Amino acid sequence: ATGLDINHHTGVRERNYGIFEGHTFAEVEHVFPEQFQLYRARDPHFAIEGGESAIQFRDRIIAALAEIARRHAGGRAAVVTHGGVVGSMYRVALELPLDAPRVYTTRNASVNQFRFEADRWVLELWGDVTHLNDESLDDA
C-alpha cells in the first residue's frame, strides 16, 4: 500500500525452540521434562536441544537490527516481528538481564519504537495500540 520495498531478514525471526517446537507447554513438560525444567530456570546460557539460548537469540536479533539501523542511518525502518524479539529489545534498551523476571507486557499488534543511537538502543514508545479498534483489543 505504501509502495515501499519489503525486505525479509531471517535475523529477526522468533527464537528457535528446537525440540519444543510444535508442542504445547503441557506436552513439552511431559515429553521433555529435564529440558523443560532447565528452560523454566531461565538460565540465559541454556540452549534447548536443536534450538538457541536466550543469549544466542538476543545476540542474533541485536546484530540483525543494528544492521538494519545502519542501512537506514538518518532515516526510519519499520520492522514487523514477533513478541519475543520485541521483548528482547525491551530488555536490551532498558539494560535488564535476560534472567530477570518479566515485568512488561507485550501487546499483540502493538507499535514499539526504538532508536539506534551511538551503537545503543533507546526505547521511545512501548505497547501503543491506538491504531487498533476496540474489537481488535483482545489482550488488554
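Buried here means under 20% relative accessible area, exposed means over 50%, and partly exposed covers what lies in between, with a 1.4 Å probe and protein chains only as cover. By that scale R120 counts as partly exposed because its relative accessibility is 42%. The model is a predicted one, so to speak with two filters on it: local features need pLDDT of at least 70, and side-chain atom pairs count only at pLDDT 80 or more, while totals for chains, interfaces and linings use all residues. Residues are numbered from 1 along each chain as its sequence is written, and side-chain values use heavy atoms, with hydrogens and water left out.Overall, the protein chain has 4 helices and 2 strands, laid out along the sequence as α-α-α-α-β-β. Both kinds of element are DSSP runs numbered from the N terminus, with at least four residues of H or I for a helix and at least two of E for a strand. The C-alpha trace spans about 45 × 40 × 30 Å along its principal axes. Of the 140 residues, 29% are buried. The chain exposes about 9600 Å², and carbon and sulfur atoms supply 51% of that area; accessible areas come from the Shrake-Rupley method with a 1.4 Å probe, and for residues only the protein chains shown count as cover. Contact means heavy atoms within 4.5 Å. Among contacts between residues at least 6 apart in sequence, 54% join residues at least 24 apart.

On the inside, the largest nonpolar core has 8 residues: V12, A64, L65, I68, A69, M89, A93 and W121. Such a core is a set of buried Ala, Val, Leu, Ile, Met, Phe, Trp, Tyr and Cys residues joined through side-chain atoms within 4.5 Å. Two elements, α3 (54-71) and α4, each give two or more residues to the largest core, and α3 supplies its largest share, 4 residues. One of the core members, A64, is in contact with H9, G11 and V12, leaving aside its neighbours within four places in sequence. There is also a second, separate core of 7 residues, with F20, V28, F32 and I48 among them.

Helix α4 is mostly covered, with 8 of its 11 residues buried. The buried set is V85, V86, G87, S88, M89, Y90, R91 and A93, and these residues pack against α3, β1 and β2. Two of the names, M89 and A93, also belong to the largest nonpolar core. Just after α4, E95 takes a positive phi of about 55 degrees.

The loop that follows α4 (83-93) and leads to β1 also holds L96. This leucine counts as partly exposed because its relative accessibility is 31%. Together with L94 and V103, L96 forms a nonpolar patch on the surface, with about 250 Å² of accessible area for the three together. Patches are made of residues with over 30% relative accessible area and no salt bridge, with like charges joined within 9 Å and nonpolar side chains (Val, Leu, Ile, Met, Phe, Trp, Tyr) within 5 Å.

As for the strands, β1 (residues 111-117) and β2 (residues 120-128) run antiparallel and are joined by 6 bridges; two strands pair if DSSP finds at least two bridges between them. They form a hairpin with 2 residues in between, and A118 in the turn has a positive phi of about 55 degrees. F116 has W121 of β2 as its bridge partner, and W121 is also listed in the largest nonpolar core.

On to the charges: a salt bridge is a side-chain nitrogen of Lys or Arg within 4 Å of a carboxyl oxygen of Asp or Glu, and the count by this rule is 7. In one of them E95 pairs with R120, with the closest N and O atoms 3.8 Å apart. That pair ties together distant parts of the chain, 25 residues apart, with E95 in the loop between α4 and β1 and R120 in strand β2. E95 counts as exposed because its relative accessibility is 60%.

R115 takes part in two further pairings. Its side chain meets that of E117 at 2.9 Å, N to O, and that of E124 at 1.9 Å, N to O. R115 is partly exposed at 30% relative accessibility, E117 is partly exposed at 41%, and E124 is partly exposed at 40%. Through shared partners, the salt bridges join R115, E117 and E124 into one network.
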